[in-house]
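Here is a short briefing to read alongside the sequence and the 3D view. Keep both open as you go through the bullets.

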Amino acid sequence: MIFSKSTGISFFFLIFLIKMTLNMKLDIIHSQILELLQKNARISNTAIAKQVGISSPSVAERISRLEDSEIIEGYYTKVSHIGMGYDFRALITVHAFMGRLQPFLHKVKMFDEVINCYRVTGNENIVMEVVLNNKLHLEIFIDKLITYGEIKTQIILSYVVSNNPISKK
């Protein structure tokens, strides 16, 4: 009685089946597709098919499974901070004061300057990547943060590695 309403087994069996499909195994073709998409998210299924040696519908099906299993989390456009009117990017770390971490985690989502924010281990609690207009903008932004904790700032001079593709280990 796998599908008996009284035992509830059908629900757990369904969850099991969903988990089995989400925990898909990646083969070499999946890895090649992921590498191509990470280099160019706008590449066509036809172009991928030619490079990995399978049909375009097979590529579409594999991409769909990768999305469903949440291996592909989304597609993004890389935008120039200079083209958007910002002079520089910076990394700002925060060592939150006692009792100020949770309020900060709520507030940081409201800052337009923050393009990435991570909770981290170590001496600091937070690492943020921000875009800023000039030194005065940096000073004003630091003044907004200082009530939450100890702030350290590093201005990004250049990228050594940026958006390097993640490959299967």
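D112 sits in the loop between helix 5 and strand 2. This is a predicted model, and in it D112 comes out at 68% relative accessibility, so this residue counts as exposed because the cut-off is over 50%. Its C-alpha atom is 8.6 Å from that of V131, although the two residues are 19 residues apart along the chain.

**Backbone points to look at**

- E70 has a positive phi of about 65°, and it is not a glycine.
- You will find E70 in the loop between helix 4 (56-68) and strand 1 (88-96), and with a relative accessibility of 61% E70 is exposed.
- N163 is another residue other than glycine with a positive phi, here near 55°.
- N163 belongs to the segment after strand 4 (149-155), and its relative accessible area of 61% makes N163 exposed.
- G53, just after helix 3, also takes a positive phi, of about 80°.

**Helix 3 and its two sides**

- Which residues of helix 3 (residues 45-52) are buried? They are I48, A49 and V52.
- These buried residues cover an arc of only 100° around the axis, so they lie on the same side of helix 3.
- As background, an α-helix has 3.6 residues a turn, so residues three or four places apart point the same way.
- K50 and Q51 are exposed, on the other side of helix 3.
- Helix 2 and helix 4 are included in what covers the buried residues of helix 3.

**Nonpolar cores**

- It helps to remember that nonpolar side chains tend to be buried together in soluble globular proteins.
- The largest nonpolar core has 20 residues, and those that touch the most other members are I92, F104, M128, V130, F141 and L145.
- Two or more residues of this core come from each of strand 1, helix 5 (101-107), strand 3 (126-132) and helix 6 (135-145).
- Among these elements, strand 1 gives the most to the core, with 5 residues.
- Another core lies apart from this one; it has 14 residues, including L37, I43, V59 and I72.
- What does M128 touch, not counting residues up to four places away in sequence? Its contacts are A90, L91, I92, V94, F104, V108, V114, N116, C117 and L145.

**The largest pocket**

- A general point first: rolling a probe the size of a water molecule over the atoms shows where empty space is left.
- The largest pocket has a volume of about 1,600 Å³.
- Its lining is made up of 39 residues, and Q38, G74, Y76, N163 and N164 are the closest to the centre of the pocket.
- Helix 2 (28-39), strand 2 (114-119) and strand 3 are the elements that give two or more residues to this lining.
- How many residues does helix 2 give to the lining of the largest pocket? Helix 2 gives 6 residues, the most of any element.
- Sorted by class, the lining of the largest pocket holds 18 nonpolar, 12 polar and 9 charged residues.

**Threads that link the topics**

- N163, with its positive phi, turns up again among the residues closest to the centre of the largest pocket.
- Helix 2 helps cover the buried residues of helix 3, and helix 2 also gives residues to the pocket lining.
- Strand 3 gives residues both to the largest nonpolar core and to the lining of the largest pocket.

Conventions. Residues are numbered from 1 along each chain as its sequence is written. This is a predicted model: local features need pLDDT of at least 70, side-chain atom pairs count only at pLDDT 80 or more; totals for chains, interfaces and linings use all residues. Side-chain values use heavy atoms; hydrogens and water are left out. Helices (H or I, at least four residues) and strands (E, at least two) are DSSP runs, numbered from the N terminus. Buried means under 20% relative accessible area, exposed over 50%, partly exposed in between (1.4 Å probe, protein chains only). A nonpolar core is a set of buried Ala, Val, Leu, Ile, Met, Phe, Trp, Tyr and Cys residues joined through side-chain atoms within 4.5 Å. Contact means heavy atoms within 4.5 Å. On a 1 Å grid over the protein atoms alone, a cavity is a set of points where a 1.4 Å probe fits but cannot get out, and a pocket is an open set with protein on both sides within 12 Å along at least five of seven lines; lining residues have an atom within 4 Å of a point. Grid points are joined across faces, edges and corners, and a volume is the space filled by probe spheres set on the points. Ala, Val, Leu, Ile, Met, Phe, Trp, Tyr, Cys and Pro count as nonpolar, Asp, Glu, Lys and Arg as charged, and the others, Gly among them, as polar. The arc is that of the directions from the helix axis to the C-beta atoms.
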